[in-house]
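Here is a short briefing to read alongside the coordinates. It moves from the overall make-up to the helix packing and then to the nonpolar cores.

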Amino acid sequence: MPMEHPPSRTPARVKDRPTWLISRTFARSSGLLAAGFESHGRGLRSYHYRLLAALDEWGPASQADLGRGTGIDRSDVTAALSELELRQLVERSVDPEHRRRNIVTITPAGLAQLLELDNVIDGIQDQVLKPLTNAQRRQFIALMMKLLPTEDETASPPPRVVS
């Protein structure tokens, strides 16, 4: 008969591995992000926030550039922009230089919504980093930034893993 194992128990050889800790932290932060948007995002999600933030910072952009710049898949960008357009938070227009390309612009209502979502995101950041002091938060963010791939690494294919 199989033994019952408590669900919160982690094998010793796994529990202090950076990949395990990063994945568990990702799962926790993703859950908090989803819950925060669910309760305070007025039906919007993190995709919407990223797109609005990009448009505010970069100005009008093509859908393709928005996808590349925000790391959102092209089909997801199209769907998210359609939702934002229905809410009159963005406007899409045909690029006069490239008729097959849409240019997306944030509207004043979109900017107001972005500012509201900034507060939601700020609250989630505080929840995720609650156990850390302000100095530890700055250090944590700096260390996480160092773990991100460089431009050279993102341009080349990932190393092949042989098992």
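Of the 163 residues in this protein, 25% count as buried. Please keep in mind that you are looking at a predicted model. The chain holds eight helices and three strands, and a good part of the story below concerns how helices α3 and α4 meet α5.

**Overall make-up**
- Read from the N terminus, the order of elements is α-α-α-β-α-α-β-β-α-α-α.
- Among contacts with a separation of 6 or more, 51% join residues that are 24 or more positions apart.

**Where α3 meets α5**
- Helix α3 spans residues 46-58 and helix α5 spans residues 74-86; their axes lie 10 Å apart, and the two pack at an angle of about 80°.
- Angles of 65 to 115 degrees count as roughly perpendicular, so α3 is roughly perpendicular to α5.
- On the α3 side, Y47, H48, L51 and L52 make the contact, while α5 contributes D76, V77, A80, L81, E83 and L84.
- Sorted by class, the residues of this α3 and α5 contact are seven nonpolar, one polar and two charged.

**Where α4 meets α5**
- Helix α4 covers residues 63-70, and its axis comes within 9 Å of that of α5, crossing at roughly 110°.
- This pair, too, falls in the 65 to 115 degree range, and α4 and α5 are therefore roughly perpendicular to each other.
- The crossing of α4 past α5 is right-handed.
- Q63, L66 and G67 of α4 touch V77, T78 and L81 of α5 to form this contact.
- The α4 and α5 contact has three nonpolar residues, three polar ones and no charged ones.

**The nonpolar cores**
- As background, nonpolar side chains in soluble globular proteins tend to be buried together.
- In this model, the largest nonpolar core has 21 residues, and L51, L52, L55, L66, L81, L84 and V90 have the most contacts inside it.
- Two or more residues of this core come from each of α3, α5, β3 (102-106) and α6 (108-128).
- Helix α3 gives the largest share of the core, with five residues.
- Leaving aside residues up to four places away in sequence, L51 touches L66, T70, I72, V77, A80, L81 and L84.
- Another core, of five residues, lies apart from the largest one; L32, V120, I124 and V128 are among its members.

**One residue to follow**
- If you would like a starting point in the viewer, try L51: this residue belongs to the α3 side of the contact with α5, and L51 is also listed among those with the most contacts inside the largest core.

Conventions
Residues are numbered from 1 along each chain as its sequence is written. This is a predicted model: local features need pLDDT of at least 70, side-chain atom pairs count only at pLDDT 80 or more; totals for chains, interfaces and linings use all residues. Side-chain values use heavy atoms; hydrogens and water are left out. Axes are lines fitted to C-alpha atoms, for helices over the stretch in contact, and angles run from 0 to 180 degrees between N-to-C directions. Helices (H or I, at least four residues) and strands (E, at least two) are DSSP runs, numbered from the N terminus. Angles under 35 degrees count as roughly parallel, over 145 as roughly antiparallel, 65 to 115 as roughly perpendicular and the rest as oblique. Contact means heavy atoms within 4.5 Å. Ala, Val, Leu, Ile, Met, Phe, Trp, Tyr, Cys and Pro count as nonpolar, Asp, Glu, Lys and Arg as charged, and the others, Gly among them, as polar. A nonpolar core is a set of buried Ala, Val, Leu, Ile, Met, Phe, Trp, Tyr and Cys residues joined through side-chain atoms within 4.5 Å. Buried means under 20% relative accessible area, exposed over 50%, partly exposed in between (1.4 Å probe, protein chains only). A crossing is left-handed if the near helix is turned anticlockwise from the far one by less than a right angle, and right-handed if clockwise.
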